[in-house]
Amino acid sequence: MQEISFINLSREKSKGLHQHIYNNAIRLKRDSSTLAKVNESYASASSLLILSSEEIIKSILVLLHSKEYRVYLLKDANRFFKDHIIRHNLQMLIETGMSLFQAVEKWDTRKSQRSIPVTSKKWLNEALEFLSDTLYVVAETSQAMSRINDILKFNDQKNAGFYVDYKNRILNPHEAISQKDYDSIVLIHARLITFYKQLRIFFHPSITKHLSKKEINEIEEGLHLFINQALKEVSLKDIHKIN
């Protein structure tokens with residue numbers, strides 16, 4: 001008889017299970033915060049917070065599956081709940097998506113609110129406008145890439161925070177992971193929680209009181225497109241190799 005696990009659990013039976021995973025993620029986050037603030041043990045705190053991030057990724061996958069998004073049909077989906085690095089890669093993809101949408105949203109806002117010097121030369125006005133847009137998008141992209149590069153280090157940091165290693169010299173956890181490393185992980189973890197909560201809000205029945213049917217349909221189409229098409233084309237094995 002086949003063992004029932006998350007990956008082969010029906011959508012109906014998966015409903016509500018994301019909350020159990022998220023609760024564990026928050027417990028790990030709370031323990032991490034205690035280690036950092038009370039003991040200043042940033043190494044162990046970082047490792048626990050990265051494990052918490054992995055749990056949030058799992059809760060997002062289970063939530064999307066329960067809402068009839070085809071995340072379990074993606075290539076290598078059977079490794080989502082077994083492979084730590086795969087979950088870090090998924091977090092990298094989520095961060096990429098969040099950063100892209102934020103850049104577009106802020107860019108549109110700036111285009112309606114910004115104050116660009118107006119000159120008598122049309123070509124100069126267009127150049128100033130283009131320069132303003134380009135510099136802003138580059139700044140947003142730079143921040144996103146910085147966070148993605150940090151996520152790429154998560155698995156190594158998680159191990160370094162727990163275990164003593166030797167690479168040309170002895171490497172103790174408290175020497176391998178700094179407070180700066182911990183602060184970076186805290187920021188990325190907070191963004192992941194935000195994404196999870198945004199999904200929870202979107203899937204709540206009362207969302208119809210806050211968004212029009214057209215807006216809801218557009219978001220649903222965007223999610224389906226991202227999961228069923230964009231992620232479908234991504235080989236998680238190939239992403240795995242860059243780590």
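N168 sits in the loop that joins β1 (165–166) to β2 (170–171). In this predicted model, its phi is positive, at about 70 degrees, even though N168 is not a glycine. That is worth a second look, because most residues other than glycine have a negative phi. Is N168 buried or exposed? With a relative accessibility of 78%, N168 counts as exposed, since the cut-off for that label is over 50%.

A second residue invites the same kind of look. E40 is found in the loop between α2 (17–38) and α3 (42–66), and E40, which is not a glycine either, has a positive phi of about 55 degrees. E40 also counts as exposed, at 57% relative accessibility.

Here are the two residues side by side:

| Residue | Phi | Relative accessibility | Loop |
|---|---|---|---|
| E40 | about 55 degrees | 57% | between α2 (17–38) and α3 (42–66) |
| N168 | about 70 degrees | 78% | between β1 (165–166) and β2 (170–171) |

Now for the protein as a whole. How many helices and strands does it have? There are 10 helices and 2 strands. Read from the N terminus, the order is α-α-α-α-α-α-β-β-α-α-α-α, which places the two strands one after the other, with helices on both sides in the sequence.

As for packing, 39% of the 243 residues count as buried. Among contacts with a separation of 6 or more, 72% are between residues 24 or more positions apart. The surface that the protein exposes comes to about 14800 Å², and 56% of that area is supplied by carbon and sulfur atoms.

Note on methods:
Residues numbered from 1 in each chain as written. Predicted model: local features only at pLDDT ≥ 70, side-chain atom pairs only at ≥ 80, totals over all residues. Heavy atoms only, no water. Helix = DSSP H or I, 4+ residues; strand = E, 2+ residues; numbered from the N terminus. Buried < 20%, exposed > 50% of the residue type's maximum accessible area, 1.4 Å probe, protein only. Contact = heavy atoms within 4.5 Å. Areas by Shrake-Rupley, 256 points an atom, 1.4 Å probe, with all protein chains shown as cover.
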